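The questions that follow ask how particular labels come to be applied to this structure. Each answer sets a value beside the criterion it has to meet and then concludes.

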Amino acid sequence: MLQKQRKLILNPQQQESMRRAGRVNATLMDFIRPHVQAGISTGKIDEMVFQWTLDNGHKPATLGYQNYPKSCCTSVNEVICHGIPDDYVLQDGDIVNLDITTIVDGWHGDQSETFLIGDVSEERRAVTQCAFDCMYLAIDALTPGCTVALIGETIVPEAHRRGFSVVREYVGHGLGRQFHLDPSIPHFPNRQSRIDRLYPGMCFTVEPMINAGTRYARCDKSDGWTVRTKDGRPSAQFEQTVMMTENGAEILTGCKDGPQKGHQF
Ligand code: MF3
Ligand code: CO
Ligand code: CO
């Protein structure tokens, strides 16, 4: 266990590589954000993500990952995660999570944002706000050497207080030269997360998925990817790649534009 954790601690040069990957990924999010509007198809967003990534000399991590067919995930309304971009045209009232992951010189940056398209229902707005706030609450709670469980211990009470639920089947993850590494970062406390610790030099994601209704998820059998809420009520998510430092968690995928910590949707 100790061995496994030690390997994930990056040296200063590797830390710089992760900072760069995070920066590139955030720049892509800033580039694409103005296009995420009513009238655009999720497939068109994917095309633009693909083109920008290649034009800048990088690779979309999801393309071909376990046979995933696209360069990003677009998860609309009741879709929790892993929605596959297609010809669906975003419309007024939708919420859509855009999750992008870039490989920059072999290192990964991974982040997502939920967008409100035009005027959305109060439930869709509130679940988006909850996912946003839970992500920052958890990131701000982290201290060097803390347990991974601190993330879930921060998020679950906050989501429940607002009448929402926390997805358990899908979790955050360590990342670096690989997309998904140990430790697993559940957004609820469990046995393993009470053991795993976050030491300076470790990189991982915080990416809570918050549901308006039941926490239970169902994966679409026909495409093998799209994960929906069992009750069809909305779900929202935000994700940042962070690095633990001697001073706490440093966000590597922070954007120049878009909603900043404390934003009210
Ligand atoms: N970006 C997602 C994450 O945050 C993973 C997407 S994997 C895919 O971990 F294959 F569905 F694209
Ligand atoms: Co992601
Ligand atoms: Co991730």
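Q: What makes the arrangement around the cobalt ion (ligand 2) irregular?
A: In this predicted model, the six donor atoms around the cobalt ion (ligand 2) subtend angles of 58 to 169 degrees. Six donors count as octahedral if opposite donors are over 155 degrees apart and all others between 65 and 115. An angle of 58 degrees falls outside those ranges, and therefore the arrangement is called irregular.

Q: Which residues coordinate the cobalt ion (ligand 2), and how do you know that they count as donors?
A: The cobalt ion (ligand 2) is coordinated by Asp99 (OD), Asp99 (OD), Asp110 (OD) and Glu239 (OE), at 2.1 to 2.3 Å. The cut-off for a donor atom at this metal is within 2.8 Å, so the distances of 2.1 to 2.3 Å satisfy it.

Q: How are the donor residues of the cobalt ion (ligand 2) spaced in sequence?
A: The spacing is D-x10-D-x128-E. The pair Asp99 and Glu239 links distant parts of the chain, 140 residues apart, with Asp99 in strand E4 (residues 95–104) and Glu239 in the loop between strand E15 (235–237) and strand E16 (240–245).

Q: Why are Asp99 and Glu239 called buried?
A: Buried means under 20% relative accessible area. Asp99 has 12% relative accessibility and therefore counts as buried, and Glu239, at 1%, counts as buried by the same criterion.

Q: What makes the arrangement around the cobalt ion (ligand 3) irregular, and which residues coordinate this ion?
A: The coordinating residues are Asp110 (OD), His173 (NE2), Glu207 (OE) and Glu239 (OE), at 2.0 to 2.2 Å. The six donor atoms around this ion subtend angles of 51 to 159 degrees. Because the octahedral label requires angles between 65 and 115 for donors that are not opposite, and over 155 for those that are, the angle of 51 degrees leaves the arrangement irregular.

Q: How are the donor residues of the cobalt ion (ligand 3) spaced along the sequence?
A: The spacing reads D-x62-H-x33-E-x31-E. Within it, the pair His173 and Glu207 links distant parts of the chain, 34 residues apart, with His173 in strand E8 and Glu207 in the loop between strand E11 (203–206) and strand E12 (209–211).

Q: Which residue coordinates both cobalt ions, and how far apart are the ions?
A: Asp110 coordinates both the cobalt ion (ligand 2) and the cobalt ion (ligand 3), and the two ions are 3.3 Å apart.

Q: Why does Glu207 count as buried, and which residues is it in contact with?
A: Glu207 has 6% relative accessibility, which is under the 20% limit, so it counts as buried. Leaving aside neighbours within four places in sequence, Glu207 is in contact with residues including Asp99, Asp110, His173, His187 and Glu239.

Q: What is known about the largest pocket, and which residues lie nearest its centre?
A: The largest pocket holds about 440 Å³ of space. Of the 22 residues that line it, Tyr65, His82, Phe179, His180 and Glu207 lie nearest its centre. The lining divides into nine nonpolar, eight polar and five charged residues.

Q: How does the lining of the second largest pocket divide?
A: The second largest pocket has a volume of about 250 Å³ and is lined by 14 residues, with Val76, Val79, Asp86, Tyr88 and Arg228 nearest its centre. Its lining divides into four nonpolar, six polar and four charged residues, and strand E2 (residues 72–76) gives the most to it, with three residues.

Q: Why are Asn67 and Asp105 called exposed?
A: Exposed means over 50% relative accessible area. Asn67 has 71% and therefore counts as exposed, and Asp105, at 63% relative accessibility, counts as exposed as well. Asn67 has a positive phi of about 70 degrees although it is not a glycine, and phi of Asp105, also a residue other than glycine, is near 50 degrees. Asn67 is found in the loop between strand E1 (59–60) and E2, while Asp105 is in the loop between E4 and strand E5 (107–116).

Q: How do you know that the peptide bond from Asp182 to Pro183 is cis?
A: The omega of this bond is near 0 degrees, and the bond is cis. Pro183 is in strand E9 (residues 181–185).

Methods: Residues numbered from 1 in each chain as written. Chains lettered and ligands numbered in written order. Predicted model: local features only at pLDDT ≥ 70, side-chain atom pairs only at ≥ 80, totals over all residues. Heavy atoms only, no water. Donors = N, O, S within 2.8 Å, 3.2 Å for Na, K, Ca; no water. Tetrahedral: all angles 85-135°; square planar, octahedral: opposite > 155°, others 65-115°. Helix = DSSP H or I, 4+ residues; strand = E, 2+ residues; numbered from the N terminus. Buried < 20%, exposed > 50% of the residue type's maximum accessible area, 1.4 Å probe, protein only. 1 Å grid on protein atoms, 1.4 Å probe; cavity = no way out; pocket = protein on both sides within 12 Å on 5 of 7 lines; lining within 4 Å. Points joined across faces, edges and corners; volume = space filled by probe spheres on them. Nonpolar A, V, L, I, M, F, W, Y, C, P; charged D, E, K, R; others polar. Contact = heavy atoms within 4.5 Å.
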